[in-house]
Amino acid sequence: MNTKMNTRMIYLKPNTVIEPLFARWYAWAHLISPATAAMNITGRHLKIMNSYIQAPQIHSTAIKSPKMLGGPFMDYKGERVDDIKVLRDQTLEKQKDLIEFSDAVKELDKMLKANANGYSLEPLYKQVPEVLKGYVELVYDLNNNPSFRFFETLLYKSKFFNPSFQSIAIWLTNNDERPFVLSTPKLDDEMVLHLEVPFSDSIIDYLSKMKRHAKPHQEVKQRLKLSEQQEALFETFFTETPPPRYRKYDGEKVRMRYFGHAAILVESKDVSILIDPVISYYGYHSDVSRFSDMDLPEVIDYVLITHNHQDHVLLETLLALRHKIKNIVVPRTTCGALQDPSLKYMLESVGFTNILEIGEMESLNFADCNIIGVPFIGEHCDLNIQAKICHHVKIGKFSMLFVADSCNVEPRLYEHTQKVIGDVDVIFLGMECDGAPLTWLYGPLLSDNLSRDKDGSRRLAGSNYEKGIALVDVFNPKEVYVYAMGQEPWLEFISSIKYTPESNPIIASNELIKVCNEKGIISERLFGEKELFYTKEGYNQENYKIEDALTTEEV
Ligand SMILES: [Fe+2]
């Protein structure tokens, strides 16, 4: 036995990806909640797999076209048909309960449409498909339109929630290129180690901590119980070189660091607050400089989530940070509707124990901070979805409003809000004003086809110029920042967005920034990284300074 080898202390390389998978598909929130997972298996995964098996060439051609980015095309150059056939057959067999569930939801919809005509729904319970009996309540809206709601917590306790479908893929990334993950499953690859562990498993915390804190080689080996074949690959994920040293912010000001997309870290010497974490890895060269997970503090006091879209609730980042997140704040939903699964239940099921729900105009207080849940409107294709909230964060007298993708379709909403919370110092907003059509994200949940023109009219769109400037006018901010809206290269795998100068979100945000500047408001579109400092005593132009983002101290 090589004693030196076994007692050496090792770190997990900072560019190691721990990718959560559900039945080999990239795990996002709708693949955790049982009802939405069932619908995505039949309405997305099986459809894409069958299409690839039938016509792999169409997929390999579509993948090359920037116009098709984010479409239902698998990024395997048409070369993995046999493997996809195996995955398809495994899915049909292993997921048969969820497939049956999905068929039953469509049957229930049909039954309600045919039979619920304003009279009591009670007799119809007998006609609810067998597998759904006891998991749904039948309801009307006030106009006698029939629908149903799930008892979602019971679904998590049923055979329809099976953590054995979850696994993790561990691999090293050396660039920002990744296939669009909602359309491409993760097949076997000689450089990828698959571990059959549920997301709640503490091994994820153990490995994630190892990016900063070394562990004895022997202990790691024992903990993982790998086969000989796996061990050789696993060794390549480790290093004896310590990562860059993180320096905690201990100044008197409020420090804001933009990590890309809608991910922003707000720190004072007392608290750290991270909004919508989608965090890049450290340890490979890129032309776009950015803060990475190496720039996050050892403890994050509060993670704030704005809404249940895959680029704002990124499980890959959340699981990797779980061990350092003290509290995670999510928008409250209790509606039980298929399209609106609870973020709280979802996070609980994957091992988070410290989840706080916040509703509209509710507040949270800690240290010298106050957080208010501000209504989030639109950007959800006119579906009744409650799991969305903007966060108003106040530290001392200094205030920030994180609007995320809220689309200001009714400016009166924020006029009413302003009367309660007052003006804000800094606004961060998304202006992805084109947005994908409803079916891109919610298509698998629909029982009926939606006509193309209706689909095109109901989009996942954020504010355009008019809506954005109305928001600015109502809150009188001193600074306005527009997010990069998916343009950072490390976001492409989940957002599938590529803009040109002619793209509407770029034109609209340029106009907003120009008009803000004319009004004397500091404004810019963020991209990659940004660091700003503010005083807690309230916004003070004299104390304001923009510093070039400091890179992590190298040691
Ligand atoms: Fe969104």
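Where does D276 lie? I started my notebook with that one, and D276 turns out to sit in the loop between strand 12 and strand 13. A reminder to myself before going on: this is a predicted model.

**Entry 1: backbone oddities**

I looked up phi for D276 and found a value near 40 degrees, which is positive although the residue is not glycine. Most residues other than glycine have a negative phi, so I like to note the exceptions. D276 has 1% relative accessibility, so I wrote it down as buried.

A23 went on the same page, with phi near 50 degrees, again positive in a residue other than glycine. I located A23 in the loop between strand 2 (16-22) and strand 3 (25-26). Is A23 buried or exposed? Its relative accessible area is 18%, and the limit for buried is under 20%, so A23 counts as buried.

**Entry 2: the iron site**

Next I turned to the metal. Which residues coordinate the iron ion? I listed H307 through NE2, H309 through ND1, E379 through two OE entries and D405 through OD, with distances of 2.2 to 2.6 Å. Along the chain, I read the spacing of these donors as H-x1-H-x69-E-x25-D. I then placed two of the donors: H307 is in the loop between strand 13 and helix 10 (315-321), while D405 is in the loop between strand 19 (398-404) and helix 12 (411-421). H307 and D405 are 98 residues apart, and the pair links distant parts of the chain. I checked burial as well, and both H307 and D405 are buried.

**Entry 3: aromatic pairs**

How many aromatic pairs does a search of the whole structure find? I got 18. I picked out F259 and F291, a tilted pair with 5.3 Å from centre to centre and 35 degrees between the planes. F259 belongs to strand 10 (residues 254-260) and F291 to the loop between strand 12 (272-275) and strand 13 (300-304), so this pair ties together parts 32 residues apart in sequence. I found both F259 and F291 buried.

Then I looked at F428 and Y481. Their ring centres are 5.6 Å apart and their planes make an angle of 25 degrees, so I logged the pair as stacked, for which the planes must be under 30 degrees apart. F428 is in strand 20 (residues 426-429) and Y481 in strand 21 (residues 479-482), so the pair ties together parts that are 53 residues apart in sequence. F428 is buried at 0% relative accessibility, and Y481 is buried at 0% too.

I also noted a cluster in which ring pairs link F101, Y135, F148, F150 and F160.

**Entry 4: charges over rings**

I found the charged end of R178 over the ring of F493, 3.9 Å from the ring centre. For R322, the charged end sits over the ring of F352, at 6.0 Å from the centre.

**Entry 5: the whole protein**

I finished with the overall picture. I counted 17 helices and 24 strands. For 555 residues, a compact globule would have a radius of gyration near 24 Å, and the protein agrees with 24 Å. The C-alpha trace spans about 75 × 70 × 45 Å along its principal axes. Of the 555 residues, 58% count as buried. I put the accessible surface at about 23,800 Å², with 49% belonging to carbon and sulfur atoms. Among contacts between residues at least 6 apart in sequence, 74% join residues at least 24 apart.

Notes. Residues numbered from 1 in each chain as written. Predicted model: local features only at pLDDT ≥ 70, side-chain atom pairs only at ≥ 80, totals over all residues. Heavy atoms only, no water. Phe/Tyr/Trp six-rings, centres within 6.5 Å; stacked < 30°, edge-to-face > 60°. Helix = DSSP H or I, 4+ residues; strand = E, 2+ residues; numbered from the N terminus. Buried < 20%, exposed > 50% of the residue type's maximum accessible area, 1.4 Å probe, protein only. Lys NZ or Arg CZ within 6 Å of the ring centre and 35° of its normal. Rg over C-alpha atoms; globule rule 2.2 N^0.38 Å. Contact = heavy atoms within 4.5 Å. Areas by Shrake-Rupley, 256 points an atom, 1.4 Å probe, with all protein chains shown as cover. Donors = N, O, S within 2.8 Å, 3.2 Å for Na, K, Ca; no water.
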